[in-house]
Amino acid sequence: MGLESIEKKVSNYLTIVNGHWAQRYDVHEQVEGSVTRKLEKGDNAGQTVRERYYRSVTGIMEEVKLTEKPWGSIDLEITLKLIDVDGSPCYTLVIPSNNRLFYDFAKRVPNIDCAPDITTQIGIGSDKDNGKTRLFLYMKQNGEKVPMHYTKDNPDGMPEPVERKGKGWDYSEREDWLYTKLEEFVLKFNDGLDEEIPF
(Lines give C-alpha, C1' and ligand atoms only; values in the text may rest on other atoms or scores of the structure.)
Protein backbone atom coordinates (compact mmCIF):
# COMPACT_ATOMS: atom_id res chain seq x y z
CA MET A 1 0.00 0.00 0.00
CA GLY A 2 1.38 3.37 -0.92
CA LEU A 3 0.57 6.97 -0.24
CA GLU A 4 0.53 9.66 -2.88
CA SER A 5 1.49 13.15 -1.88
CA ILE A 6 -0.76 15.96 -2.99
CA GLU A 7 1.31 18.68 -4.59
CA LYS A 8 0.05 22.20 -4.79
CA LYS A 9 -0.68 23.13 -8.38
CA VAL A 10 1.25 26.23 -9.38
CA SER A 11 -0.69 28.32 -11.85
CA ASN A 12 0.85 31.14 -13.86
CA TYR A 13 -1.56 33.64 -15.32
CA LEU A 14 -1.02 34.81 -18.91
CA THR A 15 -2.87 37.93 -19.99
CA ILE A 16 -3.09 39.71 -23.34
CA VAL A 17 -0.58 42.52 -23.89
CA ASN A 18 0.25 44.08 -27.26
CA GLY A 19 -0.78 41.03 -29.27
CA HIS A 20 1.01 38.45 -27.08
CA TRP A 21 0.39 36.25 -24.09
CA ALA A 22 2.19 38.02 -21.23
CA GLN A 23 3.49 36.58 -17.97
CA ARG A 24 4.19 39.13 -15.25
CA TYR A 25 7.05 38.98 -12.75
CA ASP A 26 8.26 41.08 -9.88
CA VAL A 27 9.79 44.17 -11.47
CA HIS A 28 13.12 43.53 -9.69
CA GLU A 29 13.36 39.87 -10.72
CA GLN A 30 15.88 39.13 -13.45
CA VAL A 31 14.11 36.85 -15.92
CA GLU A 32 15.68 35.88 -19.23
CA GLY A 33 13.69 37.25 -22.15
CA SER A 34 11.61 39.62 -20.01
CA VAL A 35 11.21 43.37 -20.53
CA THR A 36 9.89 46.26 -18.48
CA ARG A 37 7.22 48.73 -19.50
CA LYS A 38 5.08 51.43 -17.92
CA LEU A 39 1.36 50.86 -17.62
CA GLU A 40 -0.59 53.44 -19.60
CA LYS A 41 -4.16 52.83 -18.40
CA GLY A 42 -6.14 51.98 -15.28
CA ASP A 43 -5.56 52.66 -11.61
CA ASN A 44 -1.87 51.69 -11.88
CA ALA A 45 -1.03 53.94 -14.84
CA GLY A 46 2.63 55.00 -14.69
CA GLN A 47 3.70 51.93 -12.72
CA THR A 48 6.60 49.91 -14.14
CA VAL A 49 6.02 46.17 -14.62
CA ARG A 50 8.20 43.30 -15.84
CA GLU A 51 6.73 40.87 -18.40
CA ARG A 52 7.76 38.07 -20.69
CA TYR A 53 5.81 37.57 -23.92
CA TYR A 54 4.76 34.43 -25.77
CA ARG A 55 3.21 34.14 -29.21
CA SER A 56 1.50 30.81 -28.47
CA VAL A 57 0.86 28.32 -25.67
CA THR A 58 0.25 24.57 -26.09
CA GLY A 59 -1.02 22.15 -23.48
CA ILE A 60 -3.81 19.88 -22.24
CA MET A 61 -6.97 21.71 -21.15
CA GLU A 62 -7.40 21.00 -17.45
CA GLU A 63 -9.97 23.60 -16.53
CA VAL A 64 -12.18 26.14 -18.27
CA LYS A 65 -14.25 28.61 -16.29
CA LEU A 66 -15.96 31.98 -16.42
CA THR A 67 -15.05 34.25 -13.51
CA GLU A 68 -17.06 37.35 -12.65
CA LYS A 69 -15.02 40.22 -11.34
CA PRO A 70 -16.17 42.67 -8.60
CA TRP A 71 -16.41 45.48 -11.17
CA GLY A 72 -18.85 43.47 -13.32
CA SER A 73 -16.70 42.15 -16.16
CA ILE A 74 -16.30 38.44 -16.94
CA ASP A 75 -13.00 36.65 -17.56
CA LEU A 76 -12.65 33.41 -19.53
CA GLU A 77 -9.92 31.37 -17.83
CA ILE A 78 -8.40 28.39 -19.66
CA THR A 79 -5.92 26.37 -17.61
CA LEU A 80 -3.49 24.38 -19.74
CA LYS A 81 -1.14 21.71 -18.39
CA LEU A 82 2.03 21.86 -20.47
CA ILE A 83 3.15 18.45 -21.65
CA ASP A 84 6.63 19.20 -23.00
CA VAL A 85 8.20 20.91 -19.99
CA ASP A 86 9.82 19.28 -16.93
CA GLY A 87 7.40 19.24 -14.03
CA SER A 88 4.39 19.81 -16.33
CA PRO A 89 3.52 23.29 -15.04
CA CYS A 90 0.10 24.84 -15.59
CA TYR A 91 -0.63 28.18 -17.19
CA THR A 92 -3.98 29.93 -17.05
CA LEU A 93 -4.88 32.02 -20.09
CA VAL A 94 -7.08 34.95 -19.11
CA ILE A 95 -9.31 36.53 -21.78
CA PRO A 96 -11.58 39.34 -20.50
CA SER A 97 -15.07 39.77 -21.94
CA ASN A 98 -14.23 43.32 -23.08
CA ASN A 99 -11.71 41.81 -25.51
CA ARG A 100 -12.75 40.61 -28.97
CA LEU A 101 -10.72 37.41 -28.47
CA PHE A 102 -13.29 36.38 -25.83
CA TYR A 103 -15.90 36.10 -28.59
CA ASP A 104 -13.40 34.61 -31.06
CA PHE A 105 -13.15 31.68 -28.63
CA ALA A 106 -16.94 31.53 -28.18
CA LYS A 107 -17.47 31.31 -31.95
CA ARG A 108 -15.37 28.12 -31.99
CA VAL A 109 -16.92 26.16 -29.12
CA PRO A 110 -18.87 23.65 -31.28
CA ASN A 111 -15.54 22.74 -32.94
CA ILE A 112 -13.45 22.43 -29.77
CA ASP A 113 -12.79 18.92 -28.49
CA CYS A 114 -12.61 18.86 -24.69
CA ALA A 115 -10.04 16.06 -24.52
CA PRO A 116 -6.81 16.58 -26.52
CA ASP A 117 -4.07 19.15 -26.51
CA ILE A 118 -4.77 22.64 -27.72
CA THR A 119 -2.61 25.46 -29.06
CA THR A 120 -3.72 29.06 -28.65
CA GLN A 121 -1.96 31.82 -30.53
CA ILE A 122 -2.62 35.54 -30.76
CA GLY A 123 -2.08 37.25 -34.08
CA ILE A 124 -2.53 40.72 -35.54
CA GLY A 125 -4.48 41.10 -38.76
CA SER A 126 -6.69 43.57 -40.60
CA ASP A 127 -10.39 43.96 -39.93
CA LYS A 128 -12.19 43.67 -43.28
CA ASP A 129 -15.16 45.67 -41.99
CA ASN A 130 -13.27 48.88 -41.18
CA GLY A 131 -9.76 48.40 -42.59
CA LYS A 132 -8.12 48.71 -39.17
CA THR A 133 -5.78 46.22 -37.54
CA ARG A 134 -7.12 43.95 -34.82
CA LEU A 135 -6.08 41.00 -32.69
CA PHE A 136 -7.33 37.55 -33.59
CA LEU A 137 -7.22 34.17 -31.89
CA TYR A 138 -5.75 31.18 -33.72
CA MET A 139 -6.35 27.69 -32.35
CA LYS A 140 -5.17 24.16 -33.24
CA GLN A 141 -6.02 20.71 -31.89
CA ASN A 142 -4.40 17.44 -32.96
CA GLY A 143 -2.35 19.43 -35.47
CA GLU A 144 -5.48 20.77 -37.19
CA LYS A 145 -6.82 24.31 -37.26
CA VAL A 146 -9.94 24.88 -35.13
CA PRO A 147 -12.15 27.08 -37.33
CA MET A 148 -14.93 29.35 -36.13
CA HIS A 149 -18.31 27.63 -36.26
CA TYR A 150 -20.41 30.81 -36.04
CA THR A 151 -19.45 33.11 -38.92
CA LYS A 152 -20.96 35.82 -41.09
CA ASP A 153 -21.54 33.28 -43.88
CA ASN A 154 -22.74 30.56 -41.49
CA PRO A 155 -24.31 32.29 -38.45
CA ASP A 156 -26.20 29.14 -37.33
CA GLY A 157 -28.55 31.25 -35.22
CA MET A 158 -26.05 33.94 -34.23
CA PRO A 159 -27.86 37.33 -34.19
CA GLU A 160 -26.83 40.04 -36.62
CA PRO A 161 -25.56 43.36 -35.19
CA VAL A 162 -28.11 46.19 -35.16
CA GLU A 163 -27.32 49.63 -36.58
CA ARG A 164 -28.33 52.43 -34.20
CA LYS A 165 -28.89 55.91 -35.57
CA GLY A 166 -25.87 58.04 -34.81
CA LYS A 167 -24.40 55.34 -32.57
CA GLY A 168 -22.88 52.87 -35.02
CA TRP A 169 -23.41 49.14 -34.70
CA ASP A 170 -24.81 47.46 -31.59
CA TYR A 171 -23.37 43.97 -31.01
CA SER A 172 -24.88 43.45 -27.54
CA GLU A 173 -27.51 40.86 -28.62
CA ARG A 174 -24.85 38.86 -30.49
CA GLU A 175 -22.44 39.05 -27.55
CA ASP A 176 -25.14 37.87 -25.10
CA TRP A 177 -25.95 34.95 -27.43
CA LEU A 178 -22.28 33.96 -27.77
CA TYR A 179 -21.83 34.24 -24.02
CA THR A 180 -24.66 31.71 -23.57
CA LYS A 181 -22.89 29.33 -25.99
CA LEU A 182 -19.69 29.77 -23.97
CA GLU A 183 -21.54 28.99 -20.72
CA GLU A 184 -22.90 25.79 -22.31
CA PHE A 185 -19.37 24.80 -23.39
CA VAL A 186 -17.95 25.38 -19.90
CA LEU A 187 -20.75 23.30 -18.36
CA LYS A 188 -20.17 20.49 -20.88
CA PHE A 189 -16.41 20.60 -20.26
CA ASN A 190 -16.85 20.34 -16.49
CA ASP A 191 -19.38 17.51 -16.86
CA GLY A 192 -16.82 15.66 -19.00
CA LEU A 193 -14.23 16.00 -16.23
CA ASP A 194 -16.67 14.57 -13.69
CA GLU A 195 -17.36 11.56 -15.91
CA GLU A 196 -13.66 10.67 -16.03
CA ILE A 197 -13.38 10.22 -12.24
CA PRO A 198 -13.42 6.42 -11.64
CA PHE A 199 -14.85 6.58 -8.09
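## An enclosed strand

Strand β7 (residues 90-96) is largely enclosed by the rest of the structure, because six of its seven residues are buried (under 20% relative accessible area, with over 50% being exposed and anything in between partly exposed; 1.4 Å probe, protein chains only). Helices and strands here are DSSP runs (H or I, at least four residues; E, at least two), numbered from the N terminus. This is a predicted model, so local features need pLDDT of at least 70 and side-chain atom pairs 80 or more, while totals for chains, interfaces and linings use all residues. Residues are numbered from 1 along each chain as its sequence is written, and side-chain values use heavy atoms, leaving out hydrogens and water.

Strand β6 (residues 74-81) pairs with β7 in the antiparallel sense over seven bridges; pairing requires at least two DSSP bridges between the strands. Within this pair, Leu93 in β7 has Ile78 opposite.

## Around Asn12

Asn12 sits in strand β1 (residues 11-17) and is partly exposed at 23% relative accessibility. Leaving aside residues up to four places away in sequence, Asn12 touches Gln23, Cys90, Tyr91 and Thr92 (heavy atoms within 4.5 Å). Its C-alpha atom is 4.7 Å from that of Tyr91, though the two are 79 residues apart along the chain.

## Salt bridges

Counting a side-chain nitrogen of Lys or Arg within 4 Å of a carboxyl oxygen of Asp or Glu, there are eight salt bridges. One of them joins Glu51 and Arg37, with the closest N and O atoms 2.6 Å apart. Glu51 is buried at 1%, whereas Arg37 is partly exposed at 24%.

Asp104 and Arg134 form another, at 3.5 Å. This pair links helix α1 (residues 100-106) to strand β9 (residues 133-141).
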